[in-house]
Amino acid sequence: MNGGIEAKNLSLVQRSMMKCTFCGFCKSVCPTFEQVGWDPAVARGRIILSYGLLHGDIPADDSVIETLYQCTTCKDCERRCPSNINVVDIVELARKDLVASGHMLPRHRKVVDRIMEGGNPYGESRGVPEVLEREPRPSRLGYFVGCTAAYRNPSTARATVSILDKLGEDFTIVNENCCGSVLQRIGCNDDDVRGLMQSNIDAIMAQGVKEVLFSCAGCYRMFKEEYPRFVDVPFEVRHVSEYLAERGLKLNAVEGRIITYHDPCHLGRHVGVYQEPRQVLRSIPGAELREMSGFAETSHCCGGGGGMRSAYPELSESIAAKRVDEAAFADLLVTTCPFCVNNLQKGKERTKCSVEIIDLVELVDSLLE
Ligand code: SF4
Ligand code: SF4
């Protein structure tokens, strides 16, 4: 115990932190550093602060807490790091120690309370979102809507349902709770995260679902990567872009339109799904897919992830504005995560850029008979 912090979790990654040579390669890619402009707000800075917390060299004061929560967990620094340090793991373990020591940010506390009470971070009443106008039922194929599409971007949920209907799929929506991503990114304890995971697994199993589709990159990453670390996942999970690519759809033409694609960090760098959304976009007759300066593995973050959107909306929007500006040459900026769509929309309000921001499923639904 030191300075109010019991750094049990950080002690697990002490060796990893010691691999940092302070070379600074991570500086060239960090979206927060680009906006904040001082060294603590970059991977090596966050590692030094975490190391200091572990050894009681620095107190968990407001500036340290702020810096550790101003990471979008985009993982781009890991791509550049010659020492192969798992920076996101270190940041998230530091957050776990901060939360366990009573240092949860007030804005995060509100979100966590809403999830634990109502099953979603938006304070909406628990239950099936009315926008979908259908009830969960037994079926082989399930659609996990996710809280953002259910309560903030219903157009994404409706488009996904519409596509599945047009393709003649017999499917059900899942009787779901929050996937737990928010709790995990913020640093909540494993028991609370596991509880949400198990409730979703139980609900999906009770419906007899053998394959689950996701239109949210964050929810998908949770089921694909994080759930198996905590609970048994006895069904297949797929992002909707993988499903659409496999179907080989016949889409209507959009003559002469330039499309660019934003890789959600959760889908791209975290899970490695880069080609499928592009495959779908390339199949649109008359459209030209043109990449931004950062794309696929080198994609630039939208600024919304890792709890940034709720805790530091100003910073989150300025990162998003930069990303939208990078798409200024295009008619359409397509992504495949409602949370990215929302944040990019917020960023667009700060720019003069006229690019239209749209989720992949909405574009596909509009071009599918
Ligand atoms: S790139 Fe890796 S080794 Fe270099 S300063 Fe950043 S975290 Fe440390
Ligand atoms: S994960 Fe992203 S935001 Fe966090 S330190 Fe690395 S590059 Fe910066």
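Around ligand 2, the shell splits into nine nonpolar, three polar and three charged residues. This is a predicted model, so everything here is read from predicted coordinates. Of the 15 residues in that shell, Cys30, Ala43, Cys71, Cys74 and Cys77 come nearest to the ligand. Four helices give two or more residues each to the shell: α2 (31–36), α3 (43–54), α5 (76–80) and α6 (87–100).

Ligand 1 also has 15 residues around it, and the nearest are Cys20, Cys23, Cys26, Arg44 and Cys81. Here α3 gives the largest share, with three residues. By class, the shell of ligand 1 has 10 nonpolar, three polar and two charged residues.

Now for the chain as a whole. You'll find 18 helices and eight strands in it. The C-alpha trace spans about 65 × 45 × 30 Å along its principal axes. Is the radius of gyration what a compact globule would have, or something else, and what is the value to compare? A compact globule of 369 residues would come out near 21 Å, and the chain has 20 Å, so the two agree. Buried residues make up 51% of the 369 residues. Among contacts with a separation of 6 or more, 77% are between residues 24 or more positions apart.

The domain assignment cuts the chain into three pieces: domain 1 (10–100), domain 2 (110–245) and domain 3 (247–367). The C-alpha centres of domain 1 and domain 2 sit 30 Å apart. Their contact draws on seven residues from domain 1 and five from domain 2. On the domain 1 side, the touching residues are three nonpolar, one polar and three charged.

As for the interior, the largest nonpolar core has 114 residues. Those with the most contacts inside this core are Val87, Tyr143, Val212, Phe214, Phe223, Leu333 and Val334. Helix α6 gives the most to the core, with eight residues; α6 is also one of the helices that line ligand 2. What does Leu333 touch, once neighbours within four places in sequence are left aside? The list is Thr260, His262, Val324, Ala327, Leu344, Val355, Glu356 and Ile357.

A few single residues are worth a look too. Here is how three of them score on burial:

| Residue | C-beta neighbours within 10 Å | Class |
|---|---|---|
| Lysine 110 | 13 | partly exposed |
| Phenylalanine 22 | 11 | exposed |
| Alanine 296 | 14 | partly exposed |

Lysine 110 sits in helix α7 (residues 106–118). Its C-alpha atom is 34 Å from that of glutamate 242, which lies 132 residues away along the chain.

Phenylalanine 22 and alanine 296 catch the eye for their backbones. Phenylalanine 22 isn't a glycine, yet its phi is positive, at about 60°. You can find phenylalanine 22 in the loop between α1 (14–18) and α2. With 11 C-beta neighbours inside 10 Å, phenylalanine 22 counts as exposed, because the cut-off for that class is 12 or fewer.

Alanine 296 has a positive phi as well, near 50°, and again the residue is something other than glycine. The loop that holds alanine 296 runs between β6 (287–289) and α15 (308–311). Why is alanine 296 classed as partly exposed? Its 14 C-beta neighbours inside 10 Å put it between the exposed limit of 12 and the buried limit of 20.

How values were computed. Residues numbered from 1 in each chain as written. Chains lettered and ligands numbered in written order. Predicted model: local features only at pLDDT ≥ 70, side-chain atom pairs only at ≥ 80, totals over all residues. Rg over C-alpha atoms; globule rule 2.2 N^0.38 Å. Contact = placed C-beta atoms within 7 Å. Near = placed C-beta within 6 Å. Nonpolar A, V, L, I, M, F, W, Y, C, P; charged D, E, K, R; others polar. Domains from an automatic or database assignment. Core = buried A, V, L, I, M, F, W, Y, C linked by C-beta atoms within 7 Å.
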